[in-house]
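Trainee: I'd like to learn how to read a fold from the model in front of us. Can we go through it feature by feature?

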Amino acid sequence: MAASVFTAPCRAIGPVCFTIELPPALVLLTANERPHWSRRAAVTGSIRIATATLARAAQIPPTERAWITVVLHPHNRRRLDPHNWGPSAKAGIDGLVDAGILPDDDWRHLLAVTFLLGSTRPARQLSLHITPVAAHHTAPEPSRTRKAPSPCPA
C-alpha cells in the first residue's frame with residue numbers, strides 16, 4: 001500500500017470507525033529505546049492523558065469490544081517498522097480505557113491491534129482508529145489444554 005493513497009482499513013472491519021490523531025509534537029516511545037524509568041513514565045503519561053482528552057472531546061461512545069488500528073505517520077521516507085511504536089500505542093490504548101471507551105484492554109475487550117504505515121507528515125504522528133466490533137465477531141475462547149485444535153484454518 002503506497003503512503004500517498006492511504007485510507008484507514010477500519011471501514012472494512014465494521015460500519016463505524018472513530019479516529020484519534022495525537023498531536024504531532026507529542027514525544028513517542030519506541031521498542032528500541034531504553035530511556036530512564038522516569039522519562040519513560042513521563043512520556044507514557046503524556047500519551048495516555050492526550051489520548052484520553054482527545055477521546056472525551058470527540059465524544060466517542062463506550063463500546064464493549066473493539067479492533068484498533070494504529071497508524072504511524074512518519075516525518076520522512078526512511079525505512080521503519082510501524083509496530084516498533086508499540087509502547088506508544090499501548091499508552092494510547094490505556095488512555096482509551098481511562099476515557100471509558102473500553103472497559104479494559106484485555107483479550108475480552110480488545111480483539112486486535114494492527115499497525116500500519118500512513119502518509120508522510122511534517123512531524124511524526126500517531127493515530128488510533130477505533131472500530132467497535134459486534135458480539136458475534138468475538139475471538140474464540142483460549143484453550144486451557146495443551147492439545148486443543150488451532151482456530152487457524154491453515
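Mentor: Let's begin with the inventory: the chain has three helices and four strands, where helices (H or I, at least four residues) and strands (E, at least two) are DSSP runs, numbered from the N terminus. Along the sequence they come in the pattern α-β-α-β-α-β-β. This is a predicted model, in which local features need pLDDT of at least 70 and side-chain atom pairs count only at pLDDT 80 or more, while totals for chains, interfaces and linings use all residues. Residues are numbered from 1 along each chain as its sequence is written, and side-chain values use heavy atoms, with hydrogens and water left out.

Trainee: What is the order of the strands in the sheet?

Mentor: To read that, you need pairing: two strands pair if DSSP finds at least two bridges between them. Here the four strands form an open sheet in the order β1-β4-β2-β3, with mixed pairing. β1 (18-21) and β3 (110-117) are the edge strands with a single partner each, so each has one side without a neighbour in the sheet. From one strand to the next, the twist averages 20°.

Trainee: Which strand pairs with β1, and in which sense?

Mentor: That's β4 (residues 125-132), which pairs with β1 in the antiparallel sense over four bridges. For particular pairs, Phe18 has Ile130 of β4 as its bridge partner, and Glu21 stands opposite Ser127 in β4.

Trainee: How many bridges join β2 to β4, and how do the two strands run?

Mentor: Eight bridges, and the strands run antiparallel. In this pairing, Ile130 of β4 is the bridge partner of Ile68, and Pro132 of β4 is the bridge partner of Ala66. On its other pairing, β2 goes with β3 in the parallel sense over seven bridges, with Thr69 partnered by Thr114 in β3.

Trainee: And where do side chains point in a strand?

Mentor: As a general idea, the side chains of a regular strand alternate between the two faces of the sheet.

Trainee: How do I read burial for β2 and β4?

Mentor: Use relative accessible area: buried means under 20%, exposed over 50%, and partly exposed in between (1.4 Å probe, protein chains only). In β2, seven of the eight residues are buried, so that strand is largely enclosed by the rest of the structure. β4 also has seven of its eight residues buried, so β4 is largely enclosed by the rest of the structure too. Across the chain of 154 residues, 34% count as buried.

Trainee: Which strands does helix α3 touch?

Mentor: Contact means heavy atoms within 4.5 Å. Angles run from 0 to 180 degrees between N-to-C directions, and axes are lines fitted to C-alpha atoms, for helices over the stretch in contact. Helix α3 (residues 86-98) packs on the sheet and touches β1, β2 (66-73), β3 and β4, with its direction at about 50° to that of β4. β2, α3 and β3 also make a right-handed β-α-β unit; a crossover is right-handed if, with the strands pointing away from the viewer, the path from the first strand over the helix to the second runs clockwise.

Trainee: What about two helices packed together?

Mentor: Two packed helices are described by the angle between their axes and the distance between the axes. Here α2 (residues 37-57) and α3 pack at about 45°, with their axes 7 Å apart. That makes α2 oblique to α3 (under 35 degrees counts as roughly parallel, over 145 as roughly antiparallel, 65 to 115 as roughly perpendicular and the rest as oblique). The contact involves residues including Ile47 and Ala55 of α2 and Ala91 and Leu96 of α3.

Trainee: Is Gln59, in the loop between α2 and β2, buried or exposed?

Mentor: Gln59 counts as exposed, at 67% relative accessibility. Its phi is near 55°, a positive value in a residue other than glycine.

Trainee: And Asn84, buried or exposed?

Mentor: Asn84 is buried, with a relative accessible area of 14%, and lies in the loop between β2 and α3. Leaving aside neighbours within four places in sequence, Asn84 is in contact with Leu29, Thr30, Ala31 and Asn32.
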